[in-house]
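Please open the structure in your viewer and keep the selection tool at hand. The tour proceeds from one selection to the next.

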Amino acid sequence: MQIDRLIQIVFLLLRHENITAKQLAKELCVSTRTIYRDINILSIAGIPITSQKGYGGGLSLLQGFSLDKSYFTQEEQKNIIQALQILKSSNYPNADKSLNKIAGLFSHNLQSEWLEIDFSYWGSPEKERNNITVLERAIINKYVITFIYFNAELTITNQIVEPLKLVFKSHAWYLVAYSKHKNDIRTFKMSRIRELQITDQLFDRELPKDFSITPAYKEEYNTPVFVLHFSEKIAYKVYDEFQEKYIKKLDDGTLEVTFRYQFSDWTFLYLLSFGEYVEIIEPIEARNILKEKAKRISAMY
């Protein structure tokens, strides 16, 4: 629509001291003739756009022009910009467009930012961005969704859920939803979701106000206690992965970690990720399981 394009042109002019009609046309996917027609409409409407021909020329706004932004203090403007930068870094769809618009409105120079935040993983995040867009629609409009899910135990399940909330935590997006199969609220990691579909079935459930994606840690005495010895060579990773209260530094520099784990594939795959720098001291059964897995890995080479 033309009105949307006119607003975008104003924001782009606010963002750039000087920009050519060709650059605007490319950004907005229209012809340069359309851009010149829009510039004429904006000028008639009172937007002070100047044009300079020749090398280094282009379109610009009269120096000092800005939209009304007096409602926000300078500190509030910076907080809004930083919040949008964090959202952009988490690969949230169209966050970069919102950031550019708001930066233009506040006359904020993004190029001079001292801080860059990047939560993305190596590889294309396109699938995850598409899923976020679909889930946003489903959550807002309260549509039941279906998808195939790969859980931590490498089990594939068909899920029918009521999507309630998206959460970004520890470098990853999670979907909080009511599982029709479990009759309870569950958390699903976005990167493990496949074949996401919106159904035409509606729901009216709300997420409980006291819900937390990080439940309080509870001592489960039927869960085995693992005693692990980590080499000081990976102390940085140990302190990243475990709370300090579970870590004890021994006289030889070894880091001893005491924690409860289930006897599951996930547990042993996780411990194998530490390679030669971890040793299971207790329980003996877990030590033997990891030893057998290591033997099978060695036999492959």
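In this tour, two residues are in contact, or touch, when they have heavy atoms within 4.5 Å. The model is a predicted one, in which local features need pLDDT of at least 70 and side-chain atom pairs count only at pLDDT 80 or more, while totals for chains, interfaces and linings use all residues. Residues are numbered from 1 along each chain as its sequence is written, and side-chain values use heavy atoms, with hydrogens and water left out.

**First selection: I9.** Leaving aside residues up to four places away in sequence, I9 touches L24, L28, I35, D38, I39 and L42.

Now add L13, I35 and I49. Together with I9, these residues touch the most other members of the largest nonpolar core, which has 19 residues. A nonpolar core is a set of buried Ala, Val, Leu, Ile, Met, Phe, Trp, Tyr and Cys residues joined through side-chain atoms within 4.5 Å. Buried means under 20% relative accessible area, exposed means over 50%, and partly exposed lies in between (1.4 Å probe, protein chains only). At least two residues of this core come from each of helix 1 (2-15), helix 2 (21-28), helix 3 (32-44) and strand 2 (58-61). Helices (H or I, at least four residues) and strands (E, at least two) are DSSP runs, numbered from the N terminus. Helix 1 supplies the largest share of the core, 7 residues.

**Second selection: helix 3.** Which residues of helix 3 are buried? They are T34, I35, D38, I39 and L42. Seen down the helix axis, the buried residues of helix 3 fall within an arc of 140° (taken from the directions from the axis to the C-beta atoms), so they line one face of the helix. Turn to the face directed away from this buried side to find the exposed residues R33 and I44. Just after helix 3, G46 has a positive phi of about 105°.

**Third selection: helix 2 beside helix 3.** The axes of these two helices come within 8 Å and cross at roughly 105°. Helix 2 and helix 3 are therefore roughly perpendicular (an angle of 65 to 115 degrees) to each other. On helix 2 the contact involves A21, K22, L24, A25 and L28, and on helix 3 it involves T32, I35 and Y36.

**Final selection: A25.** Is A25 of helix 2 buried or exposed? A25 counts as buried because its relative accessibility is 5%. Residues up to four places away in sequence aside, A25 touches V30, S31, T32 and I35. The C-alpha atoms of A25 and I9 are separated by 9.7 Å.

Technical notes:
Axes fitted to C-alpha atoms, helices over the stretch in contact; angles between N-to-C directions. Parallel < 35°, antiparallel > 145°, perpendicular 65-115°, else oblique.
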